[in-house]
Every structure is written in C-alpha cells, then in structure tokens.
Amino acid sequence: MPRGYSKERTSVHNLHYHFIWCPKYRKAVLTDDVAERMDELVRTKADELGLEVIELAVQPDYIHLFITGNPKLAPNKIIQQLKGYTSHELRNEFGNMGLPSLWTRSYFVSSVKEIPNQIVEEYIEDQIGE
C-alpha cells in the first residue's frame, strides 16, 4: 500500500480536506477557555467520525482544519457535523457569546493532494503565530 493511503474493506483512498470557517459576524469569540474547548471538541467529533486531524488552528475569529477524509462522508456532511456539534456544546458551556448563532452558514473547503500536504500544514501553523 502506498504511503498515505487508507484501506477499507471496499476502498482504498487518500483524501485530505482543508476547511476554514468563522463565527457569525467574524466576531472574535474563540479565545482562552473557549478556544481550548473548541480544539477538544473538533478532535472529539473528528475521532467519532473516523477522521484524523492533521493540523488545527483555532484563532479568535476563524478556524483552520486540515483533516483526513473518508469516502463515506462528503465534505459538506463533515463540516455540518463539526459546526453543529461544536456550536451546541460551546453555547451550552459558555452561553450564546453575544451571537444569534455561533457559526456563519458559509465555509471554505479544498481537497488537498498528497504532495502539498506539508505546505498546508505549514500555512496553518503560521496562522497560529498571528
């Protein structure tokens, strides 16, 4: 099996997605304890979905997530699960944070080929330093 590929019972795949999404009105609510909890929640839900978090950067007003894919889950279902779960949990723990809903309805997703994975990882790591 070539490096980076995953084998399931009925498929062989090498899927990676780069997601970006932000809070409603791009409000900087993902700080301190909220940011730490967001990190934990994303990793928990990804594990639940059978996905591996390669790189994650929680910034005050946006999130970058570089994750393995699963051919059984379309990218829109992955982000739907992540946003729904994190919104529900964060709002239960920290209140509504002054927002009618936590996340905007939009998001960015890009599939990533094997070769530029390192480039995406470095880009996300650089975002942490901002």
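## Pairing of strand 3 with strand 5

In this predicted model, strand 3, which covers residues 16-21, pairs with strand 5 in the antiparallel sense, and 6 bridges connect the two. Within this pairing, Ile 20 stands opposite His 64 of strand 5.

## Pairing of strand 4 with strand 5

Strand 5 also pairs with strand 4, which comprises residues 53-59; here too the sense is antiparallel, over 6 bridges. A hairpin of 2 residues provides the connection from strand 4 to strand 5. Two of the facing positions may be named: Glu 55 has Phe 66 of strand 5 as its bridge partner, and Leu 56 has Leu 65 of strand 5.

## The sheet as a whole

These pairings belong to an open sheet of 4 strands, arranged in the order 4-5-3-6 with antiparallel pairing. Strand 4 and strand 6 (residues 108-111) each have a single partner strand and stand at the edges, so one side of each has no neighbour in the sheet. On average, neighbouring strands of the sheet are turned by 10° against each other when direction is ignored.

## Burial of strand 5

Strand 5 spans residues 62-68, and 7 of its 7 residues are buried. In a regular strand, side chains alternate between the two faces of the sheet. On one side of strand 5 lie Tyr 62, His 64, Phe 66 and Thr 68, on the other Ile 63, Leu 65 and Ile 67; all of these are buried, and both faces of the strand are thus covered.

## Helices across the sheet

Helix 1, formed by residues 32-48, lies across strand 3, strand 4 and strand 5. Its direction makes an angle of about 155° with strand 4.

Helix 2, formed by residues 75-94, lies across strand 3, strand 5 and strand 6. Relative to strand 3, helix 2 runs at about 45°.

## The surroundings of Glu 55

Glu 55, a residue of strand 4, is buried but has no salt bridge. The nearest side chain of opposite charge is that of Arg 43, at 6.3 Å, whereas a salt bridge requires a side-chain nitrogen of Lys or Arg within 4 Å of a carboxyl oxygen.

Leaving aside residues up to four places away in sequence, Glu 55 touches His 64, Leu 65, Phe 66, Glu 121, Ile 124 and Glu 125. Among these, Phe 66 is the bridge partner of Glu 55 in strand 5, while His 64 stands opposite Ile 20 and Leu 65 is the bridge partner of Leu 56.

Notes: Residues numbered from 1 in each chain as written. Predicted model: local features only at pLDDT ≥ 70, side-chain atom pairs only at ≥ 80, totals over all residues. Heavy atoms only, no water. Buried < 20%, exposed > 50% of the residue type's maximum accessible area, 1.4 Å probe, protein only. Pairing = 2+ DSSP bridges. Lys, Arg positive; Asp, Glu negative; His and termini not counted. Contact = heavy atoms within 4.5 Å. Axes fitted to C-alpha atoms, helices over the stretch in contact; angles between N-to-C directions.
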